[in-house]
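Me: I would like to learn how to read the main features of a protein model. Could you take me through one?

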Amino acid sequence: MKLTSTGNGATIARNLTLELVRVTERAAIAASGWRGKGDEKAADAAAVEAMRQELQNVAIAGRIVIGEGERDEAPMLFIGEEVGGGEGPAVDIAVDPLEGTTLCAKNQPDSICVLAMAERGGLLNAPDVYMHKIAIGAGYPEGTVDLDRTPVENVKMLAAAKGVPISEITACVLDRPRHAGLIEELRSTGVAVKLISDGDIAGVIHATNTEETGIDIYLGSGGAPEGVLAAAALRCIGGQMQARLILDTAEKRDRAKRMGISDPSRKYGVMDLASGDVLFAATGVTDGSLLEGVRVRKDALVTSTIVMRSWSQTVRWIKAQHAR
């Protein structure tokens with residue numbers, strides 16, 4: 001398997017797409033055994049180990065740029081770890097082996113296993129800090145939303161672009177104490193707020209699929225690694241997103257600098273976060289509005305996966321049966 005250049009932006013052989021599906025499927029199956037058992041660490045560890053084992057079977061020279069932490073913080077899938085068989089294309093890998101560890105432990109909706117791949121240098125090597133984020137779906141004029149505007153200004157601009165009153169806009173926000181002011185501000189204008197307890201990768205994706213989810217915009221702060229993964233998905237399905245790292249201490253700024261972040265106040269667009277040819281895959285662990293969770297049958301396990309590619313703008317839903 002090798003990098004291919006067609007002169008139109010496709011650089012990663014398309015048969016890698018199914019390989020990514022196998023990786024997220026295996027992680028989801030491993031994590032599903034811990035649904036509802038109240039042990040977040042065990043669920044995450046199971047997903048991490050399964051994902052790493054399956055990645056080693058993929059014919060790539062992969063490098064983890066978004067992972068479980070730095071080498072001294074994580075035993076596997078750490079930032080900088082080399083993964084894959086080593087004989088294939090040089091690619092960057094971003095993973096969230098179990099987004100929504102709490103959701104899995106409580107058997108609540110939208111826990112998923114996520115992986116993105118891009119040509120080498122295509123994914124922002126983001127430190128594990130918070131990030132301000134705003135995202136909307138495709139079909140709106142460029143600049144409809146902007147991080148430098150207030151939330152109210154953004155929802156007013158979005159409502160105008162959509163041709164509806166502001167009261168018909170629904171915003172998705174992580175339910176966190178830090179967002180209390182944001183939630184109050186949005187509701188004071190008549191905006192409906194959809195609160196999610198975890199899983200802001202799925203939250204961003206929901207905002208780009210308004211017809212199915214009823215969500216128009218994603219607002220607030222969440223993990224920077226999850227922001228890169230969400231941007232990878234948006235590269236494949238369209239939409240606008242802006243982000244800015246929250247580097248509010250000297251230690252965070254120093255860590256970001258060591259990871260190549262030269263401008264701590266930079267505002268990132270989708271292409272800044274995930275560029276080039278990008279593949280994205282996510283498999284459901286628990287049932288959610290994006291994917292069904294792993295189904296346990298007498299002789300088989302059934303998984304549901306979404307897999308996307310930026311170059312072709314192809315989105316596939318794959319339901320697979322695995323013998324037990």
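Reply: What follows is a series of questions on the sheet, the helices and the annotated sites. Please keep in mind that this is a predicted model.

Me: Let us begin with the sheet. How many strands does the open sheet have, and in what order?

Reply: A sheet is read from one edge to the other, rather than along the sequence. Here the open sheet has 6 strands in the order β7-β6-β8-β5-β9-β10, and the pairing is mixed.

Me: Which strands stand at the edges?

Reply: An edge strand is recognised by counting its partners. β7 (192-196) and β10 (268-269) each have a single partner strand, so one side of each is left without a neighbour in the sheet.

Me: How should I read the pairing of β5, and what are its bridge counts with β8 and with β9?

Reply: One takes each partner in turn and notes direction and bridges. β5 pairs with β8 in the antiparallel sense over 7 bridges, and with β9, again in the antiparallel sense, over 6 bridges. Individual positions then fix the register: Y130 stands opposite G223 in β8, while A135 has M241 in β9 as its bridge partner. As for its surroundings, β5 is mostly covered, with 5 of its 7 residues buried.

Me: How many bridges join β9 to β10?

Reply: Strand β9 (residues 240-245) is joined to β10 by 2 bridges, and the two run antiparallel. Within this pair, Q242 has G269 of β10 as its bridge partner.

Me: Now the helices. Across which strands does helix α5 lie, and across which does helix α6 lie?

Reply: For a helix on a sheet, one notes the strands it crosses and the angle to one of them. Helix α5 (residues 180-188) lies across β6 (170-174), β7 and β8 (217-223), at about 155° to β7. Helix α6 (residues 200-207) lies across β5 (130-136), β6, β7, β8 and β9, at about 160° to β8.

Me: Is α6 enclosed or open to its surroundings?

Reply: The count of buried residues settles this. In α6, 8 of the 8 residues are buried, so the helix is largely enclosed by the rest of the structure. Among them are D200, G203 and H206.

Me: How should I read a database annotation? Which residues does UniProt list for the "binding site" that includes D44?

Reply: An annotation is taken from a record and then compared with the geometry. The unreviewed UniProt entry lists D44 and E68 as "binding site". Although they are spread over 25 residues of sequence, they cluster in space, with a largest C-alpha distance of 9.9 Å. The lining of the largest pocket includes D44 and E68.

Me: Where do D44 and E68 lie, and is each buried or partly exposed?

Reply: D44 lies in helix α2 (residues 40-55), whereas E68 is in the loop between β1 (61-66) and β2 (82-83). The cut-off for buried is under 20% relative accessible area. With 18%, D44 is buried; with 26%, E68 is partly exposed. Leaving out residues up to four places away in sequence, D44 touches E68, L98 and T101. On the same basis, the residues that E68 touches include D44, V48 and P97.

Me: Which further residues does the annotation "binding site" cover?

Reply: The unreviewed UniProt entry also gives this annotation to E99, G100, T101, Y130, R176, P177, R178, D198, G199, D200 and G223. From this set, the lining of the largest pocket takes in E99, G100, T101, Y130, R176, R178, D198, G199, D200 and G223.

Me: What do R176 and G223 contact?

Reply: Location comes before contacts. R176 is in the loop between β6 and α5 and is partly exposed at 24% relative accessibility. Apart from neighbours within four places in sequence, R176 is in contact with I196, S197 and D198. G223 is in strand β8 and is buried, with a relative accessible area of 14%. Apart from neighbours within four places in sequence, G223 is in contact with V129, Y130, M131, K133 and D200.

Me: Finally, with which side chain does the side chain of D277 make a polar contact?

Reply: For a polar side chain, one reads burial together with its partner. D277, in the loop between α10 (270-273) and β11 (278-284), is buried with a relative accessible area of 0%. The side chain of D277 makes a polar contact with that of R309, at 2.7 Å.

Key
Residues are numbered from 1 along each chain as its sequence is written. This is a predicted model: local features need pLDDT of at least 70, side-chain atom pairs count only at pLDDT 80 or more; totals for chains, interfaces and linings use all residues. Side-chain values use heavy atoms; hydrogens and water are left out. Two strands pair if DSSP finds at least two bridges between them. Helices (H or I, at least four residues) and strands (E, at least two) are DSSP runs, numbered from the N terminus. Contact means heavy atoms within 4.5 Å. Axes are lines fitted to C-alpha atoms, for helices over the stretch in contact, and angles run from 0 to 180 degrees between N-to-C directions. UniProt positions are given in the numbering used here, feature names are shortened, and annotations may be inferred rather than shown by experiment. On a 1 Å grid over the protein atoms alone, a cavity is a set of points where a 1.4 Å probe fits but cannot get out, and a pocket is an open set with protein on both sides within 12 Å along at least five of seven lines; lining residues have an atom within 4 Å of a point. Buried means under 20% relative accessible area, exposed over 50%, partly exposed in between (1.4 Å probe, protein chains only). A polar contact is a pair of N or O atoms within 3.5 Å; within protein, one must be able to donate a hydrogen and the other to accept it, and residues adjacent in sequence count only if both atoms are side-chain atoms.
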